[in-house]
Amino acid sequence: MGGKGSVRQGRQGEEYAACFLKEHGYRILASNFCTKQGEIDLIAENGEYLAFIEVKTRKIGALSPGYQAVSKGKQGRIYAAAMEFIYRFPLDLQPRFDVLCLETSCESEFRVVSTEYYENAFTTEGLKCL
């Protein structure tokens, strides 16, 4: 399980991801949106889409890429939280589930060395609201 350093790295990753998305035309609507069912790192609008974005930050050489950590269970929790967001804040936008993966250097200061953005990384087919 991760310690204080991994929590800090995760928060820094989410801040970096928000800046990355803004630079690519997204408008951030919410960050760390929490419900009883789950949490969504970032919620952003991009044209006709309402993107629910999971941010995964890993150090260079991690055993598995970040997108592999978005299990079916995690997807279900994101989906449930997304449905609550849509209920609370109805928008005329097409929902989409994205994953943004950051790879950071092993140095003491936070430095992103690569960014991969997966639009429509998973669908809701077969997922259950928890």
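A residue counts as buried when its relative accessible area is under 20%, as exposed when that value is over 50%, and as partly exposed in between. With these classes in hand, one can turn to the model shown above, which is a predicted one. Cys 34, at 51% relative accessibility, falls in the exposed class because the cut-off is over 50%, whereas Cys 19, with a relative accessible area of 44%, is partly exposed. A disulfide is a covalent bond between the sulfur atoms of two cysteines, and a search of the whole structure finds zero of them.

The chain as a whole is built from two helices and five strands, and when it is read along the sequence these elements follow the pattern α-β-β-β-α-β-β. Of its 130 residues, 38% count as buried, while the accessible surface of the chain comes to about 7800 Å², with 49% of that area belonging to carbon and sulfur atoms. Among the contacts in the chain with a separation of 6 or more, 58% are accounted for by residues 24 or more positions apart.

Helix α2, which covers residues 72–88, can be followed in greater detail. Its 17 residues reach 24 Å from the first C-alpha to the last, close to the 24 Å expected at 1.5 Å a residue. The buried residues of α2 include Ile 78, Tyr 79 and Phe 85, together with Ala 80, Ala 81 and Ala 82, and Lys 74, Gln 75 and Gly 76 also belong to this set. The partners against which the buried residues of α2 pack are the strands β1 (27–34), β2 (39–46), β3 (49–59) and β4 (94–104).

Definitions and conventions:
Residues are numbered from 1 along each chain as its sequence is written. This is a predicted model: local features need pLDDT of at least 70, side-chain atom pairs count only at pLDDT 80 or more; totals for chains, interfaces and linings use all residues. Side-chain values use heavy atoms; hydrogens and water are left out. Helices (H or I, at least four residues) and strands (E, at least two) are DSSP runs, numbered from the N terminus. The expected span of a helix is 1.5 Å times one less than its number of residues. Buried means under 20% relative accessible area, exposed over 50%, partly exposed in between (1.4 Å probe, protein chains only). Contact means heavy atoms within 4.5 Å. Accessible areas come from the Shrake-Rupley method with a 1.4 Å probe; for residues, only the protein chains shown count as cover. A disulfide is a pair of cysteine sulfur atoms within 2.5 Å.
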